[in-house]
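Me: I'm new to reading protein models. Could you walk me through one, feature by feature?

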Amino acid sequence: MTTTATRSARTNTPPWLIVAKREILVQLTDKAFWIGTLTTLAIIALAFGMGALFSGDGDPAKVAVASDEAAAVIQTASSQGINVTALELPEAELAQAVEDGDAVGALTHSDSAGWELMVKNLVDAPDLTGAVSEYQMGLNAASQNVDLAQLQAGTTLSVVTTEAEDGQGFAVIIATMAFAILFMMSAMTYGMQIANSVVTEKESRIVEILAAAIPTRQLLIGKIVGNTIMALGQVVLIATAALVGLSLSQWSSFVGMLAPVAGWFVLFFLVGFASLACLWAAAGAMATRHQDLSQTTTPLMMVIMLVYMSGFVARGTAAQVLSYVPIASTVSMPGRLLSGESTWIDAVLALAISAAFMMLAVWWGAKIYRRGLLQTGSVMGWKDAFKKAV
């Protein structure tokens, strides 16, 4: 009975799941994987550690103020350990002082807008939220017979930027570049892993045994699922480490803004990498030896590099168009969400377009994979692969 039950359990296990587990175990037992992952995490920790080390030294950051109330807030911030000092100027000169770099920000207050900190770049903004809250709570508490809601009235601080580029500050550019680098690293690493795995099985003739025991579609799905899980897991791990490091740094106020966008990046990465994974497997099937991979994987590397470069140079209309282009939207759309140029509706539309492209890529890549897997005579070019696929 036990033997029968065991055989039944094995028979009911989908073949693609067995392949996926094998791909994951190969990665987890590879020293290079752990060295690369731990090195990346160490670099992130070192970057935030060095930032905290250097940011703690130097002269206090000057914040321009035009009223005694704003000066009192800066004094409160200084007493809380924030390295700032007040620069008293006429109200008409506050904005110019920020533009000229004489002050990192200008703190103002009005009955309609409340407290407002004007900065040139978001990364320069000192964290005055606690000081504003403490000062305003003290003023509110001076009045008698107030409830908690009244006591907390006016204690919020709005941070605005003087940048004229549709509110897109330096922090948005840095975050978009980070998304581009993370996408390139993961897509290249795990894409080549898929291609190498396929060509190794093909070159050693193991694929002939596998194809006789497992349908080629199941073999392909298993490779895609296994490597996509590993790539996604590494991306989530690195993004989480970066957010934790950011929360412990002087820029902790940006965590609330970046965390939702990081979630969107993970979703776009999942769909984008799944699209490329099938094409990477097809590129491996088109080769007959490892030396041939440089020829069959070149178009995919070019796509990844173009997406990577778009994170650095694409702005304005170019970024808007790329945010709806499959694969490129993995980097462009999260950046536009962060800058406020796109909404969640735009993100859902771009994600739907990417999902449709993913299904097309899987269908086309599967055809190339099946035709190239057992071809050992010569390297299949992309032109021939396209003709045979259609």
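Reply: Sure, what follows goes from the overall picture to a few chosen residues. Keep in mind that this is a predicted model.

Me: Let's start wide. How many helices and strands are there in the protein?

Reply: There are 17 helices and 5 strands. The protein has 390 residues, and 40% of them count as buried. Its accessible surface comes to about 19700 Å², with 63% of that belonging to carbon and sulfur atoms.

Me: And how do I read contacts along the chain? What share of them join residues at least 24 apart?

Reply: Here you take contacts between residues at least 6 apart in sequence, and 71% of those join residues at least 24 apart.

Me: Can you show me that with a single residue? Where is the place of Leu 219?

Reply: Leu 219 is in helix H10, which covers residues 216–247. Compare sequence and space: Leu 219 and Pro 15 are 204 residues apart along the chain, but 7.3 Å apart from C-alpha to C-alpha.

Me: Is Leu 219 buried or exposed?

Reply: For this, look at the relative accessible area: under 20% means buried. Leu 219 has 2%, so it counts as buried. Setting aside residues up to four places away in sequence, Leu 219 touches Val 19, Glu 201, Leu 210, Ile 214, Tyr 369 and Leu 373.

Me: Now aromatic rings. How many aromatic pairs does the count come to?

Reply: The idea is to check how far apart the ring centres lie and how the planes are angled, where over 60 degrees counts as edge-to-face. The count comes to 6 aromatic pairs. One of them is Phe 33 with Trp 34, 5.1 Å centre to centre with 75° between the planes, an edge-to-face pair. Phe 33 is buried at 12% relative accessible area, whereas Trp 34 is partly exposed at 40%.

Me: What about Trp 264 and Phe 268: how far apart are the centres of their rings?

Reply: Those centres are 6.4 Å apart, and the planes sit at 45°, so this pair is tilted. Both residues belong to helix H11 (residues 255–286), and being 4 residues apart there puts about one helical turn between them. Phe 268 is buried, with a relative accessible area of 1%.

Me: Which residues form one aromatic cluster?

Reply: That would be Phe 179, Phe 183, Phe 265, Phe 269 and Phe 273.

Me: Back to Trp 34. Which residues form a nonpolar patch with it on the surface?

Reply: A patch like this gathers nonpolar side chains with over 30% relative accessible area. Here Trp 34 is joined by Leu 25, Leu 28 and Leu 38, and together the four have about 400 Å² of accessible area. Helix H2 (15–28) and helix H3 (31–55) each supply at least two residues of the patch. Leu 25 lies in helix H2, and Leu 25 is exposed, at 53% relative accessible area.

Me: One more tryptophan, please. In which helix is Trp 344 found?

Reply: Trp 344 is found in helix H16, residues 344–373. With a relative accessible area of 58%, Trp 344 is exposed. Leaving out neighbours within four places in sequence, Trp 344 is in contact with Trp 264 and Leu 337. You've met Trp 264 already, in the tilted pair with Phe 268.

Me: And how far is Trp 344 from Met 333?

Reply: Their C-alpha atoms are separated by 9.9 Å, and the two residues are 11 residues apart along the chain.

Terms used:
Residues numbered from 1 in each chain as written. Predicted model: local features only at pLDDT ≥ 70, side-chain atom pairs only at ≥ 80, totals over all residues. Heavy atoms only, no water. Phe/Tyr/Trp six-rings, centres within 6.5 Å; stacked < 30°, edge-to-face > 60°. Buried < 20%, exposed > 50% of the residue type's maximum accessible area, 1.4 Å probe, protein only. Patch = residues over 30% accessible without salt bridge, like charges linked within 9 Å, V, L, I, M, F, W, Y side chains within 5 Å. Areas by Shrake-Rupley, 256 points an atom, 1.4 Å probe, with all protein chains shown as cover. Salt bridge = Lys/Arg side-chain N within 4 Å of Asp/Glu carboxyl O. Contact = heavy atoms within 4.5 Å.
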